[in-house]
There are 2 protein chains.
Amino acid sequence: MNAPDLDRFAQLLASAREPFPASRKAYLAGSRADLRVPVRDITLTNGEVVSVYDTSGPYTDPAAQIDVRRGLDGVRSGWIAARGDTEGYEGRVRKALDDGQKAEDGDRLAQLREQAAALQRRPLRARAGANVTQMHYAKKGIVTPEMEYVALRENGRREWMAQYSQDAAREQRLAGNSLGASIPTIITPEFVRDEVARGRAIIPANINHPEVEPMAIGRNFKVKINANIGNSAVTSSIEEEVEKLVWAIRWGADNVMDLSTGKNIHTTRDWIIRNSPVPIGTVPIYQALEKVGGVAEDLTWEIFRDTLIEQAEQGVDYFTIHAGVRLGFIHLTAQRRTGIVSRGGSIMAKWCMAHHRESFLYTHFEDICDIMKSYDVSFSLGDGLRPGCASDANDEAQFAELHTLGELTKIAWKHDVQTMIEGPGHVPMHLIAANMAEQLKTCHEAPFYTLGPLTIDIAPGYDHIASAIGAAMIGWMGTAMLCYVTPKEHLGLPDRDDVKQGIIAYKIAAHAADVAKGHPGARARDDALSQARFDFRWQDQFNLGLDPETAQQYHDETLPKDSAKVAHFCSMCGPKFCSMKITQEVREFAAARGLDENQGLAAGMRAKADEFNRAGGDFYIPIAPAAS
Amino acid sequence: MNAPDLDRFAQLLASAREPFPASRKAYLAGSRADLRVPVRDITLTNGEVVSVYDTSGPYTDPAAQIDVRRGLDGVRSGWIAARGDTEGYEGRVRKALDDGQKAEDGDRLAQLREQAAALQRRPLRARAGANVTQMHYAKKGIVTPEMEYVALRENGRREWMAQYSQDAAREQRLAGNSLGASIPTIITPEFVRDEVARGRAIIPANINHPEVEPMAIGRNFKVKINANIGNSAVTSSIEEEVEKLVWAIRWGADNVMDLSTGKNIHTTRDWIIRNSPVPIGTVPIYQALEKVGGVAEDLTWEIFRDTLIEQAEQGVDYFTIHAGVRLGFIHLTAQRRTGIVSRGGSIMAKWCMAHHRESFLYTHFEDICDIMKSYDVSFSLGDGLRPGCASDANDEAQFAELHTLGELTKIAWKHDVQTMIEGPGHVPMHLIAANMAEQLKTCHEAPFYTLGPLTIDIAPGYDHIASAIGAAMIGWMGTAMLCYVTPKEHLGLPDRDDVKQGIIAYKIAAHAADVAKGHPGARARDDALSQARFDFRWQDQFNLGLDPETAQQYHDETLPKDSAKVAHFCSMCGPKFCSMKITQEVREFAAARGLDENQGLAAGMRAKADEFNRAGGDFYIPIAPAAS
């Protein structure tokens, strides 16, 4: 980057590094000194501390020294080295073509590459005969530091949550409905190991991405969200993409996919991975296509294989591979309203049709597994035949591919390669359950990772909302990770604000799913916020929300003064009509005549009501008993 | 209004009157010349005309002469007169107190009142002994023009929809799941009559609001949405509220509630009703409270009764009345996290506690029915004890009140007063179904009208999304009307843009529900849009969406040129990676080698696949059969 670029970038980055209001980065201590799990502690005005899951990495830690030209520290480096089953090696020789056929921006790219050289790590791979996947360790009964990290992270600080679950009757009334999930009260490292061994969860963590803060994707863990970033041939730059990454994890992206399809694709990825504390996924066929100048028919297994190794060495944590788009399925899409809407799926369909041969992703699937297990890259088996509109939902093409993904899952697991399954897409509400049921059955409970689904097609510009509805529902039903949709879906490449809007909509969907499933402690944050709302602790209400800034800004539009932050009303109802204020007056009134603490208050109010019911009744109107 | 106010208002109004792009207001002809049902016809670039339900009233009809100082024409005036069961009368004498105790803005208010005088209609009421409700007519077997209007409106132009449902296999696969609703393929006037007679639907249409374009709220009709407007003591003016009304119906509000709680409350309502083609609801206790200076304890039945008559004469179509907040239930809220969150509920709770008496809304319920049936004002039985946070959902207080509302429904029906039931509020996803089931059982299938529900509490600033999830679900399950929530919920009074955001989110929820229920023709608009998307008819894609302007704006941010409106890609993927473009290439490729039309295309592709499957197989890898 040249100087002005870096300045602009530094400025954007600085704004994304500011701690959230009243928040402090803290770490939960694990069983070893180098195992420190981040949380965000929010201090309320009443002294309470509410601690929440934190995806933002060292960026929100004022103590962390960040230099995007050097990359983040490798929190997992020691753990990987200690296992003694990897070796450093020279790695694949960098080719000019890695950044695509086009040589636009020659000088600038040269600069970026030069800078990126400082980001390079000497790649690791499994020693001959070794398998370095978390699933492999799990099946051997080994609890890795990554698994312990995940356990601590999923539990968070359970202490503060306890105060919100002391009312047994309430807890029983609100008990979630997990719809068949097996969520324990406390996540132990052993539980994590068992889930990974069974294939019900994955921990995407390439040995060449030691900077990653381990996280799990699985039905029995919190529902996660993925944000897609990446440039396209039409717009965006490397700096923008790195900044989008930091921005995305600030707002809560658990994973980020770099879907770049434009120029400088390799170099962009260097910058993203070295600066990412969250797992990074890619769709390697995109880069392979760039290498053949965009002509799908010119793709070969050799070019694809080389690209897999290139990206595995860089540290990509999971690959979307559309190996289920088989030649024999393509005709099933001919009657569709919108055909094939997956980029990868359409590329492979074109290749299959042009060569009249089975997809090389399918025929070489075991070769791909061999690469995956040498680096611990996880599969995200792509749904290349997902429906692109409501009227193509749940059709034969979609389910034929899903069955194939189930077969491939078994093969991947034979190699101990961690695997998740991608899902749609566009599905009306009443067909969502069938998707989840079919996936669970066909894919042997491998984690489901869905894009939305969008429940309707008539909301361009608002597809983050149309899809958040479907995402919340399928998350409740068992989907482990939700791929976000931004307001720009179907219309253009999302910018910084679109990324935020998409993430917030999906944090809502994921949290709604956690609450419905009854994930232990999930509701505590809601309770803390609701209590703050009832107590008119406005600042706490803002700070406990998903987006404190916007909440406060909306409030302050009409009542900007500091005094309004403790006022017993807002501009929505004004002072006379604030129901919460009136409720408090009712309680005070009752307390003055009854008993003075909460338990007694109800009794006091009930006594007064009973007294009334015994004495009065003369002004009741006769009510006919309800008939049904 | 003084001149500058009127100018500003005229300007805002003009922008809300512009026809939607490529859209033309048209009317479906009924059985009589004065029965013309509006639709919006969207002409696509391929010549197709897509016709959609239109709530915007005469404002989007360029032929309509609109003068907000005169009000709209009374489309129902002739029908009401022809029934011969009403009489004009002097009406209640206007009191200064009707605009509240505060005399702020004295001069300006005087001007507004003077202008409002031109809006006055001589009020109608039922002749002695008559009952003028749609339910009364329905029970007597009379199909009113209002019922015919509703039938035509619900059906829309079925002709254009037919082309999207010709594939029988597809229709069977996508057949909705109505979850127990009884939705006919064609809505007949007789069906509407029967639904109204049974109490399963209401047509809110006060005889003093002849300007209303009749619409139905019922489980077997399209899911409707309500937008709340209204000033508060803190902010907003009459002009803003009238403009919000026009703005709200432009974006699709089927109903509008005027929840003003500030000054000039009577005069504001004059302006709103006389200019509204959609039913207007209010919460009369708000105005009654204004008349007693905001002191709940000072409310009396007499003041309330007078307010009901005042508003019935003005033409309010439905009253929210919190008659289920009984003295004996208040103690049930003492253990709640957020107590009573309904304004009306908290006011009545305070009154009951202070006087230690049963609510006058409950004791005078039959007196209220007598007023309602003289004007055909519908009940919206308020859920004053709805939960204000997830952790208060489905508790004893909420359901005790719901049971009472069921009892009151029977009484209202005894008087042939149309009735719907308000519902929560804040409910996690897994508890939504229980709400719907309880309401259907307890309230004898009277239409349910819910606020959201919000599925989580941690999204201040985004509660339109957190609640659209719950709204879509409960809409699918049987809720007839969804009360919108704006991004400002819990934070402040919504402005113009918030109103739009809330409406779009709720149009999405309502439409998702219609599609899931399998409402006939609901999916056709999605199909038309998806087809436009696949055909790269960008302009049609925008114009078929809920918000054409925003969709186009998002698209044009990166590709503003006209040529991009027919380009076979957008900035999201760029030209090489557009899956729809590649799919078209695949189809062209197949067509060139197979057959050249769609039906044959699949056969051609299949033939090629079969040929391959017979010949090849040598590079297949062995796949183990899937075990489950």
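User: Before we start, what counts as a salt bridge here?
Analyst: A salt bridge is a Lys or Arg side-chain nitrogen within 4 Å of a carboxyl oxygen of Asp or Glu. Keep in mind that this is a predicted model.

User: Ok, what does Arg523(B) form a salt bridge with?
Analyst: Asp527(B) is the partner of Arg523(B), with the closest N and O atoms 3.1 Å apart.

User: Buried or exposed, that Arg523(B)?
Analyst: Arg523(B) counts as buried, at 12% relative accessibility. Asp527(B) is buried too, at 1%.

User: And how many salt bridges over all chains?
Analyst: The count is 93 over all chains. One of them pairs Asp547(A) with Lys500(A), again with closest N and O atoms 3.1 Å apart.

User: Which parts does that pair tie together?
Analyst: Asp547(A) sits in the loop between α21 (538–544) and α22 (548–558) of chain A, and Lys500(A) is in helix α19 (residues 496–517) of chain A, so the pair links parts 47 residues apart in sequence. Both Asp547(A) and Lys500(A) are buried.

User: Back to chain B: where do Arg496(B) and Glu243(B) lie?
Analyst: Arg496(B) is in helix α19 (residues 496–517) of chain B and Glu243(B) in helix α9 (residues 238–251) of chain B, so their salt bridge joins parts 253 residues apart in sequence. Their N to O distance is 2.1 Å. Arg496(B) is partly exposed at 23% relative accessible area, while Glu243(B) is buried at 3%.

User: Switching topic, what's the domain assignment for chain A?
Analyst: Domain 1 covers 11–159 + 175–521, and domain 2 covers 573–617. The C-alpha centres of these two domains of chain A lie 53 Å apart.

Technical notes
Residues are numbered from 1 along each chain as its sequence is written. Chains are lettered from A and ligands numbered from 1 in the order in which they are written. This is a predicted model: local features need pLDDT of at least 70, side-chain atom pairs count only at pLDDT 80 or more; totals for chains, interfaces and linings use all residues. Side-chain values use heavy atoms; hydrogens and water are left out. Domain bounds come from an automatic or database domain assignment. Helices (H or I, at least four residues) and strands (E, at least two) are DSSP runs, numbered from the N terminus. Buried means under 20% relative accessible area, exposed over 50%, partly exposed in between (1.4 Å probe, protein chains only).
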